[in-house]
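Me: Please choose one part of this model and take me through it closely, then set it against what surrounds it. I would like each term to come with its cut-offs.

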Amino acid sequence: MSNPASRQSSLNCEQLKKMIREVADFPKKGILFYDITTLLKDKLGLATLIDALAEHYLKQDIDLVLGMEARGFIFAPALAYRLNAGFVPLRKPGKLPAATAKFDYALEYGTNTLEIHKDAIQKGQRVLIVDDLLATGGTANACLQLAKSLGAEIAGLGFVVELDFLNGRKKFEGTAVFSLLHYDK
């Protein structure tokens with residue numbers, strides 16, 4: 001659901017962009033990297049970010065918030081706490097101790113795999129998937145596929161930053177996508 005309402009919060013989050021450091025030529029020449037670590041260390045910035053995400057989802061009856069390794073681990077537990085929901089980590093292979101389901105997905109320069117405990121989601125639970133960045137959508141799609149394979153009802157995908165020019169949102173037609181901050185270049 002790519003409508004304007006899914007792109008806004010009543011909290012003004014545009015000031016958060018001033019707290020994000022832009023690093024040229026990282027991780028390789030020609031890429032402008034939006035470094036959120038400078039936002040995370042600001043207590044008001046971090047609180048505003050979590051409050052805005054929570055505000056968007058408070059009335060949606062979320063059972064579980066899924067966060068993928070590694071930056072999803074920053075936002076998903078805090079958001080789960082605010083939503084009175086549980087937190088489920090999606091990890092790199094070999095990090096979870098019990099039986100897992102896995103999903104292999106393509107990256108720009110190779111492949112990656114995410115795993116989730118097979119018993120992490122009960123059929124029909126409403127699940128929110130949260131991460132720091134929506135770029136091409138590959139990692140978020142892997143999480144979405146894993147959650148669906150375990151019987152989740154997908155409440156939506158939530159991101160701190162979306163790089164609109166990469167069109168990652170298009171991978172999720174029919175799924176609610178919400179991003180706090182948008183960059184067009």
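Reply:
**Helix α3 and its surroundings**

Cysteine 143 counts as buried, since its relative accessibility is 0%, where buried means under 20% relative accessible area, exposed over 50% and partly exposed in between, with a 1.4 Å probe and protein chains only. The model is a predicted one, in which local features need pLDDT of at least 70 and side-chain atom pairs count only at pLDDT 80 or more, while totals for chains, interfaces and linings use all residues. Residues are numbered from 1 along each chain as its sequence is written, and side-chain values use heavy atoms, with hydrogens and water left out.

Cysteine 13 is likewise buried, at a relative accessible area of 6%. With a disulfide taken as a pair of cysteine sulfur atoms within 2.5 Å, the count comes to zero.

The part I have chosen is helix α3, which spans residues 72–82 and has Gly72, Phe75, Ala76, Leu79 and Ala80 as buried residues; helices (H or I, at least four residues) and strands (E, at least two) are DSSP runs numbered from the N terminus. Viewed down the axis of α3, these buried residues fall within an arc of 125°, so they line one face of the helix, the arc being that of the directions from the helix axis to the C-beta atoms. They pack against the helices α1 (37–40) and α2 (43–57), and also against the strands β3 (64–68), β4 (86–90), β7 (126–134) and β8 (153–163).

Both flanks of the helix deserve attention. In the loop between β3 and α3 lies alanine 70, and the peptide bond leading into it from glutamate 69 is cis, with omega near 5°. Just after α3 comes asparagine 84, placed in the loop between α3 and β4, which has a positive phi of about 55° although it is not a glycine. Asparagine 84 is exposed, with 73% relative accessible area.

The loop between β1 (21–24) and β2 holds aspartate 25, whose phi is near 60°, a positive value in a residue other than glycine. Aspartate 25 is partly exposed, at 41% relative accessible area. Proline 27 is placed in the loop between β1 and β2, and the peptide bond from phenylalanine 26 to proline 27 is cis, with omega near 5°.

Two of the packing partners of α3, β7 and β8, bring us to the largest pocket, whose volume is about 1,300 Å³. Here a pocket is an open set of points on a 1 Å grid over the protein atoms alone, where a 1.4 Å probe fits, with protein on both sides within 12 Å along at least five of seven lines, and lining residues have an atom within 4 Å of a point. Of its 36 lining residues, Phe33, Glu108, Leu133, Ala135 and Thr139 are the closest to its centre. Two or more lining residues come from each of β2 (32–35), β5 (100–107), β6, β7, α4 (138–149) and β8, and β7 gives the largest share, four residues.

Strand β6 (residues 110–117) also contains threonine 113, which is buried at 14% relative accessibility. Its side chain is joined to that of aspartate 104 by a polar contact of 2.4 Å. Leaving aside residues up to four places away in sequence, threonine 113 touches Arg91, Lys92, Pro93, Lys102, Phe103, Asp104 and Tyr105, contact meaning heavy atoms within 4.5 Å.

Note on methods
Polar contact = N/O pair within 3.5 Å; in protein donor to acceptor, adjacent residues only side chain to side chain. Points joined across faces, edges and corners; volume = space filled by probe spheres on them.
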